[in-house]
Amino acid sequence: MRPGFYSLKQCRHMYFDVDGTLVLSDHLHLRAFQQLCRTYGCEHTIDESFFASHISGRENKDISLKLFPSWSLEKRNSFSDEKETLFRDMCSSQSTDGGILEVPGARAFLSLLKERNISVTAVTNAPRENGVLMLGATGFLSDFFEDGKRVVYGSECKRAKPFPDPYVTAMALTNLVTSEEADLLLAGNQDDSAALQEKTQNGMAFEDSPSGIRAAVAAGLYVVGLTTGHSEETLRAAGAHAVASDYHDLMSLFE
């Protein structure tokens with residue numbers, strides 16, 4: 001039986017996506033895609049609905065293929081690099097609507113976990129440069145993730161989200177699972193080991209996208225979905241075990 005919200009107090013390892021989960025940055029990603037897609041004449045209308053369905057939580061190679069299926073791999077990769085550079089420029093903006101903000105309650109929630117000696121690890125599909133910028137700008141990188149030593153990048157794993165590899169890598173990094181158990185999870189054989197299922201119940205993931213939720217569920221983690229970019233219905237359909245609007249919803253469960 002999977003743990004409920006009450007088991008937040010029992011979890012010893014927590015894993016956090018970054019975009020839309022720790023920081024509010026989707027509006028900047030959307031704006032960057034809109035600007036470049038206008039420049040290059042993308043056939044799709046890049047609105048919030050398209051972003052939620054085809055961009056949010058996905059890896060750049062999959063996004064660029066969706067946007068420009070006739071382009072060469074080299075040209076799609078160049079587009080992705082250009083988009084990320086534009087996004088980072090937008091993140092560095094000092095204007096009110098141009099910068100990044102933390103998801104409400106995120107810092108207080110992470111501080112509480114630190115007080116309770118619960119390990120925290122960031123698990124993101126974002127390129128390393130983006131992760132360093134976003135977590136650094138908000139102070140999360142140094143304050144909670146050991147200056148980047150506790151951050152796993154999906155682009156540096158064999159497979160990014162929605163595959164479980166980034167989360168399984170994080171679980172091995174924090175010694176929640178052994179290397180042999182990690183291999184079982186990656187092979188999708190966790191149901192063969194009751195002991196492994198029990199161990200993974202000591203971990204919890206926080207995600208805002210269907211892609212990320214599917215990755216965390218496949219890694220055997222209990223998953224809390226945050227409705228910062230998708231509806232509760234969408235997150236639960238992807239496999240979220242529980243849903244919250246922000247971290248203020250979760251704080252009281254530790255009191």
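In what follows, Asp, Glu, Lys and Arg count as charged, Ala, Val, Leu, Ile, Met, Phe, Trp, Tyr, Cys and Pro as nonpolar, and the others, Gly among them, as polar. By these classes, the lining of the largest cavity holds 10 charged, 8 polar and 6 nonpolar residues.

The structure described here is a predicted model. The protein has an average pLDDT of 88, and 92% of its residues score at least 70. Among the elements, helix 8 (residues 165-173) has the highest mean pLDDT, 97, whereas helix 10 (residues 194-200) has the lowest, 82.

**The cavity**

The model has 1 cavity of 30 Å³ or more. The space in the largest cavity comes to about 300 Å³. A total of 24 residues line the largest cavity, and those nearest its centre are Asp 19, His 29, Ile 55, Gly 57 and Arg 58. Helix 1, helix 3 and helix 4 are the elements that each give two or more residues to this lining. Of these, helix 1 gives the most, with 3 residues.

**The pockets**

The largest pocket contains about 290 Å³ of space. It is lined by 13 residues, and Asn 60, Ser 80, Asp 81, Pro 127 and Ser 155 are the closest to its centre. Helix 3 (60-67) and helix 4 (73-91) each supply at least two residues of the lining of the largest pocket. The greatest contribution to that lining comes from helix 4, with 6 residues.

The second largest pocket encloses about 240 Å³ of space. Its lining has 13 residues, among which Asp 26, His 27, Phe 51, Thr 228 and Gly 229 are the closest to the centre. Here at least two lining residues come from each of helix 1 (26-40) and helix 2 (48-54).

The table sets out the classes of the residues that line the two pockets.

| Pocket | Nonpolar | Polar | Charged |
|---|---|---|---|
| Largest pocket | 1 residue | 6 residues | 6 residues |
| Second largest pocket | 4 residues | 7 residues | 2 residues |

**Helix 6 and Phe 140**

Helix 6 spans residues 128-138, and its buried residues are Asn 130, Gly 131, Met 134, Leu 135 and Thr 138. These residues lie on the same side of helix 6 because they cover an arc of only 110 degrees around the axis. In an α-helix, residues three or four places apart point the same way, because there are 3.6 residues a turn.

Just after helix 6, Gly 139 adopts a positive phi of about 85 degrees. Phe 140 belongs to helix 7, which covers residues 140-144. Phe 140 counts as buried because its relative accessibility is 0%, and the cut-off for buried is under 20%.

Which residues is Phe 140 in contact with, leaving aside its neighbours within four places in sequence? They are Leu 22, Val 23, Glu 102, Ala 106, Arg 107, Leu 110, Leu 135 and Phe 145. One of these, Leu 135, is also among the buried residues of helix 6. By contrast with these contacts, the C-alpha atoms of Phe 140 and Ser 53 are separated by 28 Å; the two residues are 87 residues apart along the chain.

Definitions and conventions: Residues numbered from 1 in each chain as written. Predicted model: local features only at pLDDT ≥ 70, side-chain atom pairs only at ≥ 80, totals over all residues. Heavy atoms only, no water. pLDDT = per-residue confidence, 0-100. Helix = DSSP H or I, 4+ residues; strand = E, 2+ residues; numbered from the N terminus. 1 Å grid on protein atoms, 1.4 Å probe; cavity = no way out; pocket = protein on both sides within 12 Å on 5 of 7 lines; lining within 4 Å. Points joined across faces, edges and corners; volume = space filled by probe spheres on them. Buried < 20%, exposed > 50% of the residue type's maximum accessible area, 1.4 Å probe, protein only. Contact = heavy atoms within 4.5 Å. Arc of directions from axis to C-beta.
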